[in-house]
Amino acid sequence: MHVKIKNRGTKMICQSKDFYIDLVESRDLNDIIEVYNSNKQFLLNHMGSDMVEYKWVIEELALMKKINFYSCKVVLKSSNKIIGIIDFKLGEETYLSLLMIHNDYKNKGFGKLIYEALEEYVKSIKSRVIRIDVVTNYDNRVFNFWIRNGFNKFKDAKLNWTGKVLPALIMKKSL
């Protein structure tokens, strides 16, 4: 896969032939809400609710920024539609907090392509490891996705996501 990477100050652009990843902007909020709300099972499992609202997304984005995570949108070039969201914190060990695809675009290979683009980007900034925490009581397909993409179980954990404690696996991939 050919991935083009540009750094513009604190703003990052990473793109492939089909999509690009860039920071979420205020004009994107309704689309970001739509991506979250298209993933009802995820929301029910992780939050105990089947939808998020504008206020919650604003608070989540502010929290992520405060703890130095990039909150990004994934935009399909052919339609200029936001098809996913991705949150990550760069470092020697890059922490991928969230990769979520709009339900209408699942099972079409976008998750793998988006992850591969992110991996190329973090390699370019000399990150040596990618970490992701995978909730274990949710969907085995998610765990299997990360295994197929080269991640290994590191240790068991408990995640507190929006006040709900969830069993999880910390998974890592050396780059």
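These are my notebook entries on a predicted model.

**Aromatic pairs**

I began with the rings. I found 10 aromatic pairs in the structure. I looked up Y115 and W146 in detail. Their ring centres are 5.4 Å apart and their planes stand at 90°, so I logged the pair as edge-to-face. The cut-off for that label is over 60 degrees. Next I asked which helices hold the two residues. Y115 is in helix α4, residues 110-124, and W146 is in helix α5, residues 140-148. The two are 31 residues apart, and the pair links distant parts of the chain. Both Y115 and W146 are buried.

I then followed W146 to F151. Here the ring centres lie 5.2 Å apart and the planes meet at 80°, so this pair is edge-to-face too. Both W146 and F151 are buried. I noted one aromatic cluster formed by Y115, F145, W146 and F151.

**Charges over rings**

I looked for charged side chains over aromatic faces. R131 lies over the face of Y95, and I noted 4.6 Å to the ring centre. K172 has its charged end over the ring of F154, at 3.9 Å from the centre.

**Nonpolar cores**

How many residues does the largest nonpolar core have? I read off 29. Those with the most contacts inside this core are I21, I86, L96, I114, Y115 and W146. Y115 and W146 thus turn up again, after the edge-to-face pair.

I listed the elements that each supply at least two residues of this core. The strands are β3 (19-23), β4 (70-76), β5 (81-89), β6 (93-101), β7 (129-135) and β9 (164-174). The helices are α4 and α5. I noted that α4 gives the most to this core, with seven residues.

I picked I114 for a closer look. I left aside its neighbours within four places in sequence. I114 is then in contact with F19, I21, V74, I86, L99 and I101.

Apart from this core lies another, of 22 residues. Among its members I noted I32, L43, V57 and V135.

**The largest pocket**

I turned to empty space. Rolling a probe the size of a water molecule over the atoms shows where such space is left. The largest pocket holds about 1,200 Å³. I counted 43 residues in its lining. Which of them are the closest to the pocket centre? They are L99, M100, Y138, V142 and W146. So W146 goes into this entry as well as the core entry.

I also checked which elements give two or more residues to the lining. They are α2 (40-47), α3 (54-66), β6, α4, β7, α5 and β8 (152-161). β6 gives the most to this lining, with six residues.

**Two positive phi values**

I checked the backbone last. Most residues other than glycine have a negative phi. I wrote down two residues with positive values. Phi of N80 is near 60°. N80 is in the loop between β4 and β5. Is N80 buried or exposed? Its relative accessible area is 54%, so N80 is exposed; the cut-off is over 50%.

Phi of K126 is near 70°, again positive in a residue other than glycine. I placed K126 in the loop between α4 and β7. K126 counts as exposed, because its relative accessibility is 64%.

Technical notes. Residues are numbered from 1 along each chain as its sequence is written. Side-chain values use heavy atoms; hydrogens and water are left out. Rings of Phe, Tyr and Trp (its six-membered ring) pair if their centres lie within 6.5 Å; planes under 30 degrees apart count as stacked, over 60 as edge-to-face and the rest as tilted. Helices (H or I, at least four residues) and strands (E, at least two) are DSSP runs, numbered from the N terminus. Buried means under 20% relative accessible area, exposed over 50%, partly exposed in between (1.4 Å probe, protein chains only). A charge sits over a ring if NZ of Lys or CZ of Arg is within 6 Å of the ring centre and within 35 degrees of the ring normal. A nonpolar core is a set of buried Ala, Val, Leu, Ile, Met, Phe, Trp, Tyr and Cys residues joined through side-chain atoms within 4.5 Å. Contact means heavy atoms within 4.5 Å. On a 1 Å grid over the protein atoms alone, a cavity is a set of points where a 1.4 Å probe fits but cannot get out, and a pocket is an open set with protein on both sides within 12 Å along at least five of seven lines; lining residues have an atom within 4 Å of a point. Grid points are joined across faces, edges and corners, and a volume is the space filled by probe spheres set on the points.
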